[in-house]
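Work through these short exercises with the structure open beside you. Try each task before you read its solution.

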Amino acid sequence: MNRRTAFLTTLAVTTALTLTACGSEEPDAPAKGSGKETLTTASASSAPASDGRPAIDLPSDLSYTFDWPKTGDKERDAVLADSEQSIKAVDQAIVNQNALDKAYLYYYEGEAAAETQKFVQNYVDHKAGITGSYRFYAPEVSVDRDGTASLSYCEDQGKAFVKYLETGEIKKTEVTAKSYVVYHTSLKWDEDKGAWVIQKIVSQSGSTKCQP
């Protein structure tokens, strides 16, 4: 999953986990461009439960910016909205130090859920949390008629850091090419939940597509 590359590198875990905790590494996908105007929006760290979705409650030292496009398409915008909550749900599991946190399990199933559990457990084992600011941008989303969808997007981890819970130490790392990560997710529509859930997610740090 590669959401916290600096943390994984600092702890010198295995190469497989360093590259991704939610799938194997993929080469960069070519930039397609949405042709739509992109609106930068700052997103609150916490959100109440709605429409059966779990509540997300994150500490004030975490902040998020989602540069998601306004597609004007109901289904594509729903994929983006549920993906935003799925990102925060994983962070909530890290904050709660619970590798089986119900919020992320609502949005992740199968292979993606199993690998995310391993990813969160790595933080729990090292008594580590997260702090700082995250930015997500350059989304490319498509929805198929069979109830599946794909979403690729970038993450800027340059202002986000690992926080060791027992000492309060914040491990600040230098911004490098590896601070920019590209993700490719496969989703399906869950009729019972009324939500888009992630089946598979792969990532690559140091993506040239995502670097400024």
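A residue is buried under 20% relative accessible area, exposed over 50%, and partly exposed in between. Keep in mind that this is a predicted model.

**Exercise 1. Is His126 buried, partly exposed or exposed, and where does His126 sit?**

Step 1. Find the place. His126 is in the loop between α5 and β3 (128-143).

Step 2. Read the value. The relative accessible area of His126 is 33%.

Step 3. Apply the cut-offs. Partly exposed lies between 20% and 50%, so His126 is partly exposed.

Step 4. Look for neighbours. A polar atom of the His126 side chain lies 2.8 Å from the backbone oxygen of Asn122. The C-alpha atoms of His126 and Tyr164 are 8.0 Å apart, with their positions 38 residues apart along the chain.

**Exercise 2. Decide why Arg53 and Asp82 count as a salt bridge, and say where each one lies.**

Step 1. Recall the principle. Side chains of opposite charge can pair when their charged atoms come close.

Step 2. Check the distance. The closest N and O atoms of Arg53 and Asp82 are 3.0 Å apart. The cut-off is 4 Å, so the pair counts as a salt bridge.

Step 3. Place the partners. Arg53 is in the loop between β1 (41-43) and β2 (62-66), and Asp82 is in helix α3 (residues 74-96). They are 29 residues apart, and the pair links distant parts of the chain.

Step 4. Classify both. Arg53 has 16% relative accessibility and counts as buried. Asp82 is buried too, at 4%.

**Exercise 3. Classify the partners in the salt bridge between Asp73 and Arg76.**

Step 1. Take the distance. Their closest N and O atoms are 3.9 Å apart.

Step 2. Read the areas. Asp73 has 29%, and Arg76 has 27%.

Step 3. Conclude. Asp73 is partly exposed, and Arg76 is partly exposed.

**Exercise 4. Which residues are linked in a network with Glu109?**

Step 1. Start with one pair. Glu109 forms a salt bridge with Lys193, with closest N and O atoms 3.4 Å apart.

Step 2. Place the pair. Glu109 is in the loop between α4 (102-107) and α5 (110-125), and Lys193 is in the loop between β6 (180-190) and β7 (195-205). The two are 84 residues apart.

Step 3. Classify them. Glu109 is buried at 19%, whereas Lys193 is partly exposed at 23%.

Step 4. Complete the network. Salt bridges link Glu109, Lys188 and Lys193.

**Exercise 5. How many salt bridges does a search of the whole structure find?**

The search finds 9. Among them is the pair of Arg53 and Asp82.

Key: Residues are numbered from 1 along each chain as its sequence is written. This is a predicted model: local features need pLDDT of at least 70, side-chain atom pairs count only at pLDDT 80 or more; totals for chains, interfaces and linings use all residues. Side-chain values use heavy atoms; hydrogens and water are left out. A salt bridge is a side-chain nitrogen of Lys or Arg within 4 Å of a carboxyl oxygen of Asp or Glu. Helices (H or I, at least four residues) and strands (E, at least two) are DSSP runs, numbered from the N terminus. Buried means under 20% relative accessible area, exposed over 50%, partly exposed in between (1.4 Å probe, protein chains only). A polar contact is a pair of N or O atoms within 3.5 Å; within protein, one must be able to donate a hydrogen and the other to accept it, and residues adjacent in sequence count only if both atoms are side-chain atoms.
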